[in-house]
Amino acid sequence: MPKGTTEMERGIGEQAERGRRLRKIAVIGALFTFGLVSGFFVGHSGRGLEALLGPEPILSPAVAIGLVVLTLAATAIGSLLLKDQMDEVEKLNKYKAGSVAGSVYLLTYMCWFFLWKGGLVPEPMHIVLFLLFLVSFFGGMAHYRYR
């Protein structure tokens, strides 16, 4: 559409697509903000990164339960709000990327677990596995989107 075109000159489909894109950005922005705030809350518990990665609890049980409830609620609400905001191609790409990430997580964890039980490596580090899942998911998304 040429620059300087007013909203009235846009077609119905273009207006609907713009609204869909803005709603999607708003929901993702809200979920990102929630994750950022909760991440800062957990990360700045006053004990540093070593405590966050260590085996000792750093949160009170009430705070931990509250964060779990908020995370599940944000995921459920965000999923419901976003389910109608993506087309079939984007949805299929997310399914494929989720399958890649799940396979990477499953195989890495199983191998690490068996090697740990055999006394060859230290106990699986959950944060490393979680980050590996995220990296493989976003890598899969980039691959399927830009191939």
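A salt bridge here is a side-chain nitrogen of Lys or Arg within 4 Å of a carboxyl oxygen of Asp or Glu. With that in hand, here's a good place to start: K24, E90 and K94 are linked in a network of salt bridges. Keep in mind that this is a predicted model. The protein is made of five helices, with zero strands, and the details below are grouped by topic.

**The overall picture**

- Reading along the sequence, you get the pattern α-α-α-α-α.
- The protein has 147 residues, and 16% of them count as buried.
- Its accessible surface comes to about 11,000 Å², and carbon and sulfur atoms account for 71% of that.
- Take the contacts between residues at least 6 apart in sequence: 56% of them join residues at least 24 apart.

**The salt bridges**

- The structure holds two salt bridges, and E90 takes part in the one with K24 as well as the one with K94.
- In the E90 and K24 bridge, the side chains meet at 2.3 Å, going from N to O.
- That pair ties together distant parts of the chain, with E90 in helix 4 and K24 in helix 1 (residues 12–43), 66 residues apart.
- Both of these partners, E90 and K24, are buried.
- For E90, the relative accessible area is 18%, and buried means under 20%, so E90 falls on the buried side of the cut-off.
- The other bridge joins K94 to E90, where the closest N and O atoms are 3.9 Å apart.
- K94 and E90 are both in helix 4 and sit four residues apart, so about one helical turn separates them.
- K94 has a relative accessibility of 29%, so this lysine counts as partly exposed.

**The aromatic rings**

- Searching the whole structure turns up six aromatic pairs.
- One of them is Y109 with F113: the ring centres are 6.0 Å apart and the planes are at 25°, so this pair is stacked.
- Y109 and F113 share helix 4 (residues 88–117), where they are four residues apart, or about one turn of the helix.
- Y109 is partly exposed, with a relative accessible area of 28%, and F113 is also listed at 28% relative accessibility, which makes it partly exposed.
- F137 and F138 make an edge-to-face pair, because their planes are at 75°, with ring centres 5.5 Å apart.
- F138 has 55% relative accessibility, so it counts as exposed.
- Ring pairs also build a cluster out of Y105, Y109, F113, F114, W116 and F133.
- W116, a member of that cluster, has a charged visitor too: K117 lies over the face of W116, at 4.2 Å from the ring centre.

**F41 and its contacts**

- F41 is found in helix 1.
- With a relative accessibility of 47%, F41 counts as partly exposed.
- Setting aside neighbours within four places in sequence, F41 is in contact with L59, V63 and L67.
- F41 and L59 are 18 residues apart along the chain, and 10.0 Å separates their C-alpha atoms.

**L70 and G35**

- L70 has its place in helix 3 (residues 61–82).
- L70 is partly exposed, at 45% relative accessibility.
- In sequence, L70 and G35 are 35 residues apart, while in space their C-alpha atoms are 9.9 Å apart.

**A nonpolar patch on the surface**

- M125, I127, V128, F130 and L131 make a nonpolar surface patch of about 430 Å².
- I127, one of the residues in the patch, lies in helix 5 (residues 126–146).
- I127 has 39% relative accessibility, so it counts as partly exposed.

Methods: Residues numbered from 1 in each chain as written. Predicted model: local features only at pLDDT ≥ 70, side-chain atom pairs only at ≥ 80, totals over all residues. Heavy atoms only, no water. Phe/Tyr/Trp six-rings, centres within 6.5 Å; stacked < 30°, edge-to-face > 60°. Helix = DSSP H or I, 4+ residues; strand = E, 2+ residues; numbered from the N terminus. Buried < 20%, exposed > 50% of the residue type's maximum accessible area, 1.4 Å probe, protein only. Lys NZ or Arg CZ within 6 Å of the ring centre and 35° of its normal. Contact = heavy atoms within 4.5 Å. Areas by Shrake-Rupley, 256 points an atom, 1.4 Å probe, with all protein chains shown as cover. Patch = residues over 30% accessible without salt bridge, like charges linked within 9 Å, V, L, I, M, F, W, Y side chains within 5 Å.
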